[in-house]
Amino acid sequence: MTYITLANKWRPKKLNNLIGQDQVIFSLKNIIESKKIHPAYIIHGPQGTGKTSLARIITKCVNCEKKITIDPCDNCFCCISINKNKNIDSIEIDGASKTKIEEIKNIIEIAQYKSSNNRYRTFIIDECHMLSQSSFNYLLKTLEEPYINTLYILITTQIEKIPKTIVSRCINLQLNKLNKKNIKTHIENILKEENIFFDNISLDYISIFSNGSLRSAINTIEKITSKEKIINTKNTRLMLGILPDLSILFIIKSIHEKDIKNLISNIKKITELGLNNKTILIQIQITLYKILLYKSNIIYDESLCKYKIFMYLSKVMTKEKITNLYNKLIDITIDNNVINEIDFEMILINFSI
Ligand SMILES: [Zn+2]
């Protein structure tokens with residue numbers, strides 16, 4: 001039997017399964033329930049937010065054999081074949097590899113013939129910002145005079161690269177980057193359904209480091225649990241390349257106490273591990289945030305050892321100091337994807353003097 005990845009297995013199959021996208025769901029429900037099916041859509045938003053899943057859901061909504069519906073049955077031939085990406089009238093085009101006009105034209109020209117089974121033939125063009133100018137011109141002509149019973153669904157992470165003339169002819173469906181809470185709730189449900197043991201702190205880490213992408217969070221779960229069905233802080237840390245909380249707390253303590261000798265010794269130990277320096281700076285950011293919460297008497301469920309250091313730092317560090325360090329780290333981590341070893345040392349030493 002073919003192995004199905006967790007990301008595919010848990011791909012949203014209904015509009016209501018899309019998390020954190022209420023506005024898009026609302027406007028699509030209005031369109032579908034009115035039965036006035038517009039021929040062109042552009043779905044855009046960050047990676048891993050469900051763009052391709054949404055395109056397939058729209059395809060099912062208009063083609064479900066029961067009726068045009070916001071709640072496709074997932075049991076009829078059309079729904080099942082679309083879910084498996086094996087429906088001959090639902091054509092997915094990778095805009096990144098088929099950029100030339102001839103390639104796009106060859107595929108889309110089939111629209112002049114009646115579809116085999118579906119009510120609507122759909123062309124889903126993924127990564128459409130990669131198309132050439134002549135392909136865009138051809139697409140524009142197609143959208144100006146669309147064939148009857150044909151839907152064009154464009155998908156992109158970079159809507160600013162799509163000509164305005166094309167965007168203006170499409171229903172605009174913007175998917176939001178998911179917040180940590182949404183991702184955590186969703187992966188928690190998946191883990192329960194899959195009978196995978198987990199702890200709360202690990203889920204926090206996976207949600208934070210997925211950077212708003214549900215797919216990335218699910219892929220992390222899949223990698224961690226490839227050998228045994230358990231997610232704990234040890235295997236999560238190893239997979240994400242992050243340090244134990246205690247190491248981070250000791251770095252912050254050295255920074256606050258201006259103990260440069262100790263700080264350098266800690267930095268040396270970290271750099272020997274070969275971890276991603278940006279990830280460690282983000283961990284420091286998260287820990288500073290937690291210290292601020294401790295200051296407001298919001299106490300996390302930590303081990304006694306961590307609890308003592310958190311309590312100590314929350315007493316000796318002022319709110320201004322914590323916020324100041326936090327903001328500096330945001331500026332650094334937003335602007336730089338890669339932080340080399342010497343910059344990493346400089347940043348931390350600078351914080352302590
Ligand atoms: Zn159906």
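**Strand β1 and the parallel sheet**

In the predicted model, strand β1 is covered on both of its faces, with Ala 40, Ile 42 and His 44 buried on one side and Tyr 41 and Ile 43 buried on the other. In a regular strand, side chains point alternately to the two faces of the sheet. Strand β1 spans residues 40-44, and five of its five residues are buried, so that the strand is mostly covered.

Strand β1 is paired with two other strands. Five bridges connect β1 with strand β4 (residues 150-156), and the two run parallel; within this pairing, Ile 43 lies opposite Ile 155 of β4. Strand β5 (residues 171-174) is likewise parallel to β1 and is joined to β1 by four bridges, with Ile 42 opposite Asn 172 of β5.

A further parallel pair is formed by strand β2 (residues 90-94) and strand β3 (residues 121-126), which are linked by five bridges. Here, Ser 90 faces Thr 122 in β3. Together with helix α5 (residues 101-108), β2 and β3 constitute a right-handed β-α-β unit.

These pairings belong to an open sheet of five strands, arranged in the order β2-β3-β4-β1-β5 with parallel pairing. Strands β2 and β5 form the edges, each being paired on one side only. Disregarding direction, neighbouring strands of the sheet are turned against each other by 15 degrees on average. Helix α3 (residues 51-63) packs on the sheet and touches β1, β2, β3, β4 and β5; the direction of α3 makes an angle of about 170 degrees with that of β4.

How values were computed
Residues are numbered from 1 along each chain as its sequence is written. This is a predicted model: local features need pLDDT of at least 70, side-chain atom pairs count only at pLDDT 80 or more; totals for chains, interfaces and linings use all residues. Side-chain values use heavy atoms; hydrogens and water are left out. Buried means under 20% relative accessible area, exposed over 50%, partly exposed in between (1.4 Å probe, protein chains only). Two strands pair if DSSP finds at least two bridges between them. A crossover is right-handed if, with the strands pointing away from the viewer, the path from the first strand over the helix to the second runs clockwise. Axes are lines fitted to C-alpha atoms, for helices over the stretch in contact, and angles run from 0 to 180 degrees between N-to-C directions. Contact means heavy atoms within 4.5 Å.
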